[in-house]
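Let's take a walk through this protein, starting with the whole chain and then zooming in on its aromatic rings.

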Amino acid sequence: MSRFWKSLIAGLLLLAGGANAALAHDHVSVPAKSAMVAMPTSSAAVAPPTAVLGTDLSPPASQTTQAVQIGRTGSVTVRAAVATVVPPVALAQRIRIFLEQPRFKGAIWGIDVEDLRSGRTLYAHNAHKLFILASNTKLFTASLALAKLGPNYRMDTSLYATARPSGNGVLRGDLLLYGRGDPSLGMRIEGYSSADWAQRLAEALVAQGIRSIHGNLIVDDTYFQGSPITPGWEAEDLQSAFAPLPTALNVQGNVFRLLVSRRGRHCCKVVVKPAAAGIHIFNLTREAANDGGNGLGIYRPPGTHRVYVYDHLRTGLRTREFLLSVPDPALMAGKLLREALVGKGIRLHGTVRAVHWPQTDPLLSNPHLRRVASIASPPLRALIHHMLKQSDNLYAQLLLLQVGVKTAQTGVCSDRPRLPVNSNEWGLCAMRAFLRHIGIPAAEANFDEGSGLSRKDVVAPAAMVSLLDWVRQQPFATVFDEALPVAGVDGTLQWRMRGGAAMDNLHAKTGTLAYAYTLAGYVTDAGGRTLVFSLMLNNYLRQMDSQGIPVDPRPTQDLDALADMLADTRAVPDGSSVRISQRPEVGVTVTPVKPADVRARPESERP
């Protein structure tokens, strides 16, 4: 058989997306009745499909169309039309060629792309296999929280007293600071601020005439049941600011600042802010005879208040600042409140003491306990906006725990023989029920926690697309969509996809762990369709130069390149159609089709 016929048949099979097509592991959906493709003719030789990869070129107006018959089980019928764009198969080819780069040989890609309006799958690759989805987990957590709690849900942090003050302003009893999981206490987010929370609570005591407290300040974070060390989080992450302990009483993001600076020309002075973090510094810094070594080192043994600062500041650096996780957020909140009491002229004669799970707090059952004041969190819509834009792990896990508390109050977890024993497990019970409700198979999604820091959080791309499709049909769809980072504009996508078709168009959540990279959301293509997509890359080891330094492209750039392909895609025009046999037979009868000589434009010349 001549190269002409082989090329034509290969192209037709590729269009069909059948089992024998070149895209053996990819899936390009074809509507049951027809797709729309124009097939031009001219005197030029037939070029293989790859000749027009990456183009949105229109054929010359003089071209005509012809009918092509395949086998006996069906036919391809083309009505006359002037095509203005490349058919969807070109997108599949572009993606396939991109994924076949040698540097991805040891990695695995998962992709699912759907036309949101029609529900038609435009491209799928390993769409039903499980992938570590990293911070794309937050899309599931946000959806669950919005569905179960509602966009206007708030969390109170309350101050209680066990007695009333006497006439001379003396309170003979204890104060109780009780947290209910507000992740934003002490912070400014989305137009809301509780940075002055401690001063407001102290002012409430002043307003009641209290000047002296003969008792203790108890800080209680037992609203959540279970250890604050979340399952699946890696031990080396626990001192990092991106993995602070999620407790029921949080303050200032549960992080502290560590500043290391030179004393004149000598190394080094170490300062902790706020001092209420309760950190014990072991300063092991030294002067360096030269600029050798690895520079400054920081180490906090997990679960301790000790921080070791060692080695030296590099030449030319006057100071360095580190953000680290607080070992006991509730205790830090208590110490900050005590400072505020002093600032308002209130003397606390007792101590600050924390109560943690599995301890029980006897004050909660004190019949004389009365509320002094509360600090309300921003509404859930604002918390989710911050969480998704900034990919905040603390917020995500706390929202799962919040759902867990509400689910535990029902006492129902129908898919397990025994009831959960902590708030995280109750939250996961709610997540499984939520997935069943929206039709996601149990085999395509499994979670260990709510942030994505755990490598046990695994999801199939098809399940991700199903979630995003479902969200668009919910009353809170606008809240969800406005919380997603926008390519080239804000959040974790602020500096990505600038200058491409996805910029200020694509709304998506990022995800990054070592060797795992994801991107999922919505994008409007060049034809005006809204596409919902999930891109997942796992087991990818970046290429290194001879010095062990990673070289470009970065994995995020690879995801962005695919996202730009989606934004560049156009639907096939109305007036053209293809009806393709789902099971083409071996015998083939073809009327020759000779397209014009169309060359692909280089990437820099594409709109």
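Below is a quick overview, followed by a look at some ring pairs.

## The chain as a whole

First things first: this is a predicted model. The protein chain has 607 residues, and 54% of them count as buried. Its secondary structure comes to eleven helices and 27 strands.

Looking at contacts with a separation of 6 or more, 72% come from residues 24 or more positions apart. As for the outside, the accessible surface is about 27,200 Å², with 51% of that belonging to carbon and sulfur atoms.

## Two ring pairs up close

The count of aromatic pairs here is eleven. Take Tyr178 and Tyr223: their ring centres sit 6.4 Å apart with the planes at 90°, so this pair is edge-to-face. Tyr178 belongs to strand β9 (residues 175-178), while Tyr223 is in the loop between β13 (217-220) and β14 (255-263), which puts the two 45 residues apart. Both Tyr178 and Tyr223 are buried.

Now for Phe282 and Tyr308, a stacked pair with 4.8 Å from centre to centre and 25° between the planes. Phe282 is in strand β16 (residues 280-285) and Tyr308 is in strand β18 (residues 306-311), so the pair ties together parts 26 residues apart in sequence. Phe282 counts as partly exposed, at 34% relative accessibility, and Tyr308 counts as partly exposed at 22%.

## A cluster and a charge

Which residues form one aromatic cluster? They're Phe98, Phe104, Trp109 and Tyr540.

Elsewhere, Arg472 lies over the face of Tyr522, 3.9 Å from the ring centre.

Key. Residues are numbered from 1 along each chain as its sequence is written. This is a predicted model: local features need pLDDT of at least 70, side-chain atom pairs count only at pLDDT 80 or more; totals for chains, interfaces and linings use all residues. Side-chain values use heavy atoms; hydrogens and water are left out. Helices (H or I, at least four residues) and strands (E, at least two) are DSSP runs, numbered from the N terminus. Buried means under 20% relative accessible area, exposed over 50%, partly exposed in between (1.4 Å probe, protein chains only). Contact means heavy atoms within 4.5 Å. Accessible areas come from the Shrake-Rupley method with a 1.4 Å probe; for residues, only the protein chains shown count as cover. Rings of Phe, Tyr and Trp (its six-membered ring) pair if their centres lie within 6.5 Å; planes under 30 degrees apart count as stacked, over 60 as edge-to-face and the rest as tilted. A charge sits over a ring if NZ of Lys or CZ of Arg is within 6 Å of the ring centre and within 35 degrees of the ring normal.
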